[in-house]
Amino acid sequence: MTAADTTPKGKVGDPFSSPWRRRLPLLPALIFLILVTQLPFLVSIYYSLTNLKDKTQSLIPEPTRFVGLENYRTLLSNSFFRDAMWTSVKMTVFSVLLSLFFGTAFAMLLDRKFLGQGLVRTLLITPFLIMPVVAALIWKQQMFSSLFGLLNKALEFFGLDSVAFISDHPLASIVTVLVWQWTPFMMLIMLAGLQSQPSDILEAANVDGATSFGIFRQLTIPHLRRYLELGAGSIYIIQAFDAIDQMTGGAPGSKNVPYFVYQESIGGGFRYGSASAYAIVVVIASIVIATFALRVLSGLLKDEERA
């Protein structure tokens with residue numbers, strides 16, 4: 001027996017072992033992912049510890065220096081940032097919950113055979129395929145406009161006064177556009193969940209005399225738990241920017257944190273140090289909120305499943 005025969009195959013750390021050979025083609029993708037995501041994040045952390053500004057936008061340029069945690073200490077004392085945070089929370093929660101609700105409702109309607117089912121499904125998916133900027137412009141000009149918007153035309157038809165939706169209700173207007181865009185995405189997720197239900201269990205429940213609501217509460221909802229978690233994971237709606245920029249331009253009551261960071265940096269403020277601190281805090285807060293929300297939802301659905 002030679003020394004080569006006594007060497008364990010697939011030894012951990014051996015660059016020529018079978019597991020390492022399988023992972024080797026993924027190494028360029030991993031390096032690329034680190035370069036385009038983690039490296040900019042580290043640079044942002046460094047910027048957040050400085051007073052970096054655009055020197056060309058100041059009459060008396062201030063030299064860039066290390067300020068430590070000063071940007072973070074002044075963060076919570078900024079009332080505009082607190083307002084943007086609260087707006088982001090409301091915008092995200094309402095958009096996700098309403099999209100989930102309407103998406104589930106449409107999925108239940110499509111989870112049955114009827115004439116023109118394919119056409120209806122295609123039409124319902126269409127809003128998700130439209131670019132966010134285009135969607136915002138459609139709603140701003142064709143739906144919410146005080147002069148020729150369809151909503152105000154309908155109000156006038158019933159003898160009611162027209163409403164300046166965007167200026168009087170900026171947050172509700174933006175949430176409406178986000179819900180209109182994301183409901184098809186939630187619908188597809190819920191429809192996949194509904195169509196994956198075991199038909200024999202549903203038939204057995206019907207034979208036993210269970211009501212439609214009882215089947216939905218005790219069988220369908222527990223089965224949809226993973227799909228609801230996936231839909232609720234769309235909390236990245238917190239990054240909404242296009243609708244705010246095109247519809248309100250960051251007017252009071254509609255400015256979320258991404259738009260606030262934009263105004264603080266390349267949108268006119270040119271205070272890149274403080275803007276980086278704001279962005280990092282939002283990233284951490286988003287991760288914490290998303291994790292907490294998913295765990296709460298998972299716990300509620302598990303309790304329902306046990307019941």
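In the predicted model, Phe 144 touches Trp 139, Leu 151, Asn 152, Val 163, Phe 165, Ile 166, Ser 173, Thr 176, Val 177 and Met 247, leaving out residues up to four places away in sequence; a contact here means heavy atoms within 4.5 Å. This is a predicted model, so local features need pLDDT of at least 70 and side-chain atom pairs count only at pLDDT 80 or more, while totals for chains, interfaces and linings use all residues. Residues are numbered from 1 along each chain as its sequence is written, and side-chain values use heavy atoms, with hydrogens and water left out.

Phe 144 is also one of the residues that touch the most other members of the largest nonpolar core, along with Met 91, Met 190 and Met 247; this core has 34 residues. A nonpolar core is taken as a set of buried Ala, Val, Leu, Ile, Met, Phe, Trp, Tyr and Cys residues joined through side-chain atoms within 4.5 Å. Buried stands for under 20% relative accessible area, exposed for over 50%, and partly exposed for anything in between (1.4 Å probe, protein chains only). At least two residues of the core come from each of α5 (79-110), α7 (132-143), α9 (165-168), α10 (170-195) and α14 (242-247). Of the helices, α10 gives the most, with 13 residues. Apart from this core lies another, of 9 residues, including Leu 75, Val 257, Val 261 and Ala 275. In soluble globular proteins, nonpolar side chains tend to be buried together.

As for the chain as a whole, there are 16 helices and 0 strands, both read as DSSP runs numbered from the N terminus (helices H or I, at least four residues; strands E, at least two). Of its 307 residues, 33% count as buried. Among contacts with a separation of 6 or more, 65% are between residues 24 or more positions apart.

Back to α10, this time with helix α6 (residues 117-129) as its partner. The two axes come within 6 Å and cross at roughly 130 degrees; axes are lines fitted to C-alpha atoms, for helices over the stretch in contact, and angles run from 0 to 180 degrees between N-to-C directions. That makes α6 and α10 oblique to each other, since angles under 35 degrees count as roughly parallel, over 145 as roughly antiparallel, 65 to 115 as roughly perpendicular and the rest as oblique. The crossing of α6 past α10 is left-handed, that is, the near helix is turned anticlockwise from the far one by less than a right angle (clockwise would be right-handed). On the α6 side, Arg 121, Leu 124, Ile 125, Pro 127 and Phe 128 take part, and they meet Trp 180, Gln 181, Trp 182, Pro 184, Phe 185, Met 187, Leu 188, Leu 191 and Gln 195 of α10.

Asp 111, in the loop between α5 and α6, also reaches α10 residues: with neighbours up to four places away set aside, Asp 111 touches Leu 191, Leu 194 and Gln 195. The C-alpha atoms of Asp 111 and Leu 191 are 6.7 Å apart, with their positions 80 residues apart in sequence. Asp 111 is partly exposed, at a relative accessible area of 31%. Within α5 itself sits Val 96, which counts as buried at 7% relative accessibility. Its C-alpha atom is 9.6 Å from that of Ile 238, 142 residues away along the chain.

Next to Phe 144 in numbering comes Ser 145, in the loop between α7 and α8 (150-157). Ser 145 is buried, at 12% relative accessibility. A polar atom of the Ser 145 side chain lies 3.3 Å from the backbone nitrogen of Leu 147, and one lies 3.5 Å from the backbone nitrogen of Phe 148. Neighbours within four places aside, Ser 145 is in contact with Lys 140 and Asn 152.Ser 167, in helix α9, is exposed instead, with a relative accessible area of 58%. The backbone oxygen of Ala 164 lies 3.5 Å from a polar atom of the Ser 167 side chain.

Finally, Thr 50 belongs to the loop between α3 (27-48) and α4 (70-73) and counts as buried at 2% relative accessibility. Its side chain has a polar atom 2.8 Å from the backbone oxygen of Tyr 47. Neighbours within four places aside, Thr 50 is in contact with Thr 64, Arg 65, Phe 66, Val 67, Asn 71 and Gly 273.

Methods. Polar contact = N/O pair within 3.5 Å; in protein donor to acceptor, adjacent residues only side chain to side chain.
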